[in-house]
Every structure is written in C-alpha cells, then in structure tokens.
Amino acid sequence: MVLGDNQFNETLPPSLSQLSNLEILHIQNNDLEGEVFTIIMQMNALRSLWIGNDLVSSNTFNETIPDNFGDLSQLEYFSATGVGLFGYLPTSLSEMNQLEYIILNDNFITGSLPSCLGQMTALKGLSLWDNQMSGRIPE
C-alpha cells in the first residue's frame with residue numbers, strides 16, 4: 001500500500017491493522033497523526049515501512065518505537081524521518097535479521113546506540129542525524 005505524498009490527514013484507521021499480510025506500507029509526506037505503531041505492530045508480513053516526512057509535510061506521531069518492534073521480523077526498510085519519535089532505540093532491533101535500512105533522522109530519540117546493532121548482519125544503512133543521542137558508538 002503506497003499512499004505517500006498526498007494530503008491524507010487525521011489518524012490511520014484501526015481497520016488497517018487487519019492487513020496482516022501487507023508487505024509495503026508507505027504513508028510518508030501526509031498530514032497524519034496519532035498512534036501509528038499500535039496498527040503497524042499487527043502487520044507481521046511488513047517488509048517496507050516508510051512513515052516519515054520531507055521538509056514540507058507533517059506526519060506527526062509523537063510516540064516511542066515499541067519495545068517489541070523486533071516482532072516485525074520480515075522488515076527490511078524502516079524510515080520515519082521527522083515524525084516526532086522520542087525515547088530510545090529498542091534492543092529488539094537485534095531480532096530483525098532482515099532489516100537493511102533504518103532511517104530515523106530529525107526526531108527526539110535519546111540514549112546511546114544499542115550494542116545490539118553489531119548483531120544486525122543484514123544492516124546496510126543507519127541514519128540517525130538530528131536526534132538527541134549521546135554516549136559511545138558501540139563496537
């Protein structure tokens with residue numbers, strides 16, 4: 001389902017969570033808000049998730065990446081630039097053996113990079129610029 005670069009507004013309908021076989025969800029660059037992860041975490045077949053913004057649009061989710069985000073074990077691409085994410089990166093990322101790209105620029109993510117990132121053998125790209133992270137870069 002590719003719905004990016006439109007003017008969809010308000011929240012995602014809860015009925016989307018019933019699309020458990022959906023592999024692609026691109027809702028970037030709209031005017032969506034609310035709790036997106038409650039719906040997304042039911043989409044077990046998801047391979048590509050793009051919920052971010054460019055400089056013009058304003059998806060605003062203002063929530064944390066859930067601790068069980070690693071349950072989306074088929075996910076290969078995750079982009080959520082500028083959507084108001086806060087909190088830390090969950091260690092369950094290490095369970096995502098297929099995840100190749102994580103792009104979480106321009107949010108409010110705090111804490112340090114989890115050492116589990118070194119266990120993500122499929123990871124090809126990680127972009128976290130303009131967050132509030134600190135500490136050491138793990139080996």
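**Three residues and one sheet**

At 7% relative accessibility, Asn 29 counts as buried, because the cut-off for buried is under 20%. The model described here is predicted. This briefing covers Asn 29, then Glu 10, then a parallel sheet of three strands, and last Asn 107, which lies in the loop between β7 and β8.

**Positive phi angles**

- Most residues other than glycine have a negative phi.
- Asn 29 has a positive phi, near 60°, and is a residue other than glycine.
- Asn 29 is found in the loop that runs between β2 (24-26) and β3 (31-32).
- Glu 10 also has a positive phi, in this case near 70°, and is likewise a residue other than glycine.
- Glu 10 belongs to a strand, β1, made up of residues 9-10.
- Is Glu 10 buried or exposed? Glu 10 counts as exposed because its relative accessibility is 55%, and the cut-off for exposed is over 50%.

**The three-stranded sheet**

- Strands of a sheet pair through backbone hydrogen bonds, either parallel or antiparallel.
- Here the order of the strands is β6-β8-β10, the sheet is open, and the pairing is parallel.
- Which strands are at the edges? They are β6 (86-87) and β10 (132-133), each of which pairs on one side only.
- β6 is joined to β8 (residues 108-111) by two bridges, and these two strands run parallel.
- Across this pairing, Phe 86 stands opposite Phe 108 in β8.
- Two bridges also link β8 with β10, again in the parallel sense.
- In that pairing, Thr 110 is opposite Gln 132 of β10.

**Asn 107, in the loop before β8**

- Asn 107 sits in the loop between β7 (101-103) and β8.
- Asn 107 counts as buried because its relative accessibility is 3%, and buried means under 20%.
- Which backbone atom does the side chain of Asn 107 reach at 3.1 Å? It is the backbone nitrogen of Val 83.
- The side chain of Asn 107 also reaches a backbone oxygen, that of Leu 104, at 3.2 Å.
- Leaving aside neighbours within four places in sequence, the contacts of Asn 107 include Ala 80, Thr 81, Gly 82, Val 83, Gly 84 and Leu 85.
- Asp 130 and Asn 131 are also among the residues in contact with Asn 107.

Notes. Residues are numbered from 1 along each chain as its sequence is written. This is a predicted model: local features need pLDDT of at least 70, side-chain atom pairs count only at pLDDT 80 or more; totals for chains, interfaces and linings use all residues. Side-chain values use heavy atoms; hydrogens and water are left out. Two strands pair if DSSP finds at least two bridges between them. Helices (H or I, at least four residues) and strands (E, at least two) are DSSP runs, numbered from the N terminus. Buried means under 20% relative accessible area, exposed over 50%, partly exposed in between (1.4 Å probe, protein chains only). A polar contact is a pair of N or O atoms within 3.5 Å; within protein, one must be able to donate a hydrogen and the other to accept it, and residues adjacent in sequence count only if both atoms are side-chain atoms. Contact means heavy atoms within 4.5 Å.
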